[in-house]
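Notebook open, model loaded. I want to go through the surface, the charged pairs and the core, and jot down what I find.

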Amino acid sequence: MKNTKQKIMDCSRSMFNELGYSQVTIRMIAMKLNMSSGNLNYHYKKRDDIPEALYFEMVTVFDNRIEQLDREAISLPKMKADIHTSMKRMVDYRFFWTDLYNLLQLNETIRSHFNDAYTKRLTGFHFVFNTLIEKKILKEPEFDGEHQLLRERMIGFSNTWLYASTLYKENRIDQSFIETQSNNLILMLYPNLTDLGKGQLRKLISG
C-alpha cells in the first residue's frame, strides 16, 4: 500500500494538473484525501514543499537517462524513443511545464536543479551529436557554434511544447499529439543530417 506522503503527492499532482498549481490549496488537497489540513501539514509543512517533491519525482528518470548515455547505443530510433518517453512523463506532471516560469521563481531548490539539468542536457546532446557524427549520421558543423545553437533550440522546444499546446484549445494532449510533438523535436536535426541520416529519419517518421 502507498504511504501517506505518496498518496498526498499523487492526489496533489492530479489536482495541480486539472486545476493549475495556483488554484489548489492545502485545504482542497486535504478534503480530497478525507484528512485534516493539520495531518497533511505534518507531512508537508507548506504547499510549496509538494511541487518540489513532485519535481524531483519527475526528473529522477530524466537524470538517470543522462547519466547512462555513455552506456547505451546511440541512434536516431533510440533518440526518438527517449523523446517520446520523456514527453509522456512531462504530460503526467504537466502542471509544472504549463506554469514553468512561476514555479521556478517560487522555489530556489527547483530552480537550481533545473539550471544544473540544463547544463547536463547540453553536455548530453554534445555526446550524442559526436557519436552520430562518428556513425556518419550527423554532418560536421559548418561553422563554430552551429551544433551548440541546435542543442539549445532542441532543449528550448522540449521545455515549452507542453505550455504552447495549452494556448490552443483544439490541441488534445493524447498519444497522437505526443507523437506529433516528438516528431517535431527530432526533425530539428534533419538539415544537419547526412544522406544516410536523412534516410533513417524519413523512415523513422513515416513508419
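**Surface patch.** I started on the outside of this predicted model. Tyr163, Leu167 and Tyr168 make a nonpolar surface patch of about 330 Å². I then looked up where Leu167 sits: its place is the loop between α9 (146-165) and α10 (175-186).

**Whole protein.** Next I zoomed out. I get 11 helices and 0 strands, so along the sequence I simply wrote down α-α-α-α-α-α-α-α-α-α-α. The C-alpha trace spans about 60 × 35 × 35 Å along its principal axes. For the accessible surface I have about 11800 Å², with 52% of that belonging to carbon and sulfur atoms. Of the 207 residues in the protein, 41% are buried. I also checked how far along the chain the contacts reach. Taking contacts with a separation of 6 or more, 69% are between residues 24 or more positions apart.

**Salt bridges.** How many salt bridges are there in the model? I count 6. My reminder to self on the principle: side chains of opposite charge can pair when their charged atoms come close.

I followed one group through. Arg65, Glu72, Lys78 and Asp82 are linked in a network of salt bridges. Within it, Glu72 pairs with Lys78, and their closest N and O atoms are 2.9 Å apart. I looked up the exposure of both partners: Glu72 is partly exposed at a relative accessible area of 26%, and Lys78 is partly exposed with 26% as well.

Lys78 also has a salt bridge to Asp82, at 2.8 Å from N to O. Where do these two sit relative to each other in helix α5? Lys78 and Asp82 are 4 residues apart in α5 (residues 76-92), so about one helical turn separates them. Is Asp82 buried or exposed? Asp82 comes out at 17% relative accessibility, so I put it down as buried; the cut-off for that label is under 20%.

**A long-range pair.** Lys80 forms a salt bridge with Glu179, again noted from the closest N and O atoms, which are 2.9 Å apart. This pair links distant parts of the chain, with Lys80 in helix α5 and Glu179 in helix α10, 99 residues apart. I checked the cover on each end. Lys80 is buried, with a relative accessible area of 7%, whereas Glu179 is partly exposed at 30%.

**Core.** Then I went inside. Which residues have the most contacts inside the largest nonpolar core? I noted Phe96 and Leu189, in a core of 58 residues. Helix α8 (residues 108-134) gives the most to this core, with 8 residues.

I selected Phe96 and listed what it touches, leaving out residues up to four places away in sequence. The list reads Tyr55, Met58, Leu103, Leu104, Ile110 and Phe114.

**Tyr55.** Since Tyr55 is on the Phe96 list, I clicked on it next. Tyr55 is in helix α4 (residues 49-67). With 3% relative accessibility, Tyr55 counts as buried. Beyond its neighbours within four places in sequence, Tyr55 is in contact with Phe96, Ile110, His113 and Phe114.

I looked harder at Tyr55 and Phe114. They are 59 residues apart along the chain, and their C-alpha atoms are separated by 9.6 Å. What does the side chain of Tyr55 reach on Phe114? It gets to the backbone nitrogen of Phe114, at 3.4 Å.

**Asn159.** Last stop was a polar residue. Asn159 is in helix α9, and at 10% relative accessibility I have it as buried. Which residues does Asn159 touch, not counting those up to four places away in sequence? I wrote down Trp97, Leu100, Phe114 and Arg121. Phe114 turns up here, on the Phe96 list and on the Tyr55 list, so I marked it in my view.

Methods: Residues numbered from 1 in each chain as written. Predicted model: local features only at pLDDT ≥ 70, side-chain atom pairs only at ≥ 80, totals over all residues. Heavy atoms only, no water. Patch = residues over 30% accessible without salt bridge, like charges linked within 9 Å, V, L, I, M, F, W, Y side chains within 5 Å. Areas by Shrake-Rupley, 256 points an atom, 1.4 Å probe, with all protein chains shown as cover. Salt bridge = Lys/Arg side-chain N within 4 Å of Asp/Glu carboxyl O. Buried < 20%, exposed > 50% of the residue type's maximum accessible area, 1.4 Å probe, protein only. Core = buried A, V, L, I, M, F, W, Y, C linked by side-chain atoms within 4.5 Å. Contact = heavy atoms within 4.5 Å. Polar contact = N/O pair within 3.5 Å; in protein donor to acceptor, adjacent residues only side chain to side chain.
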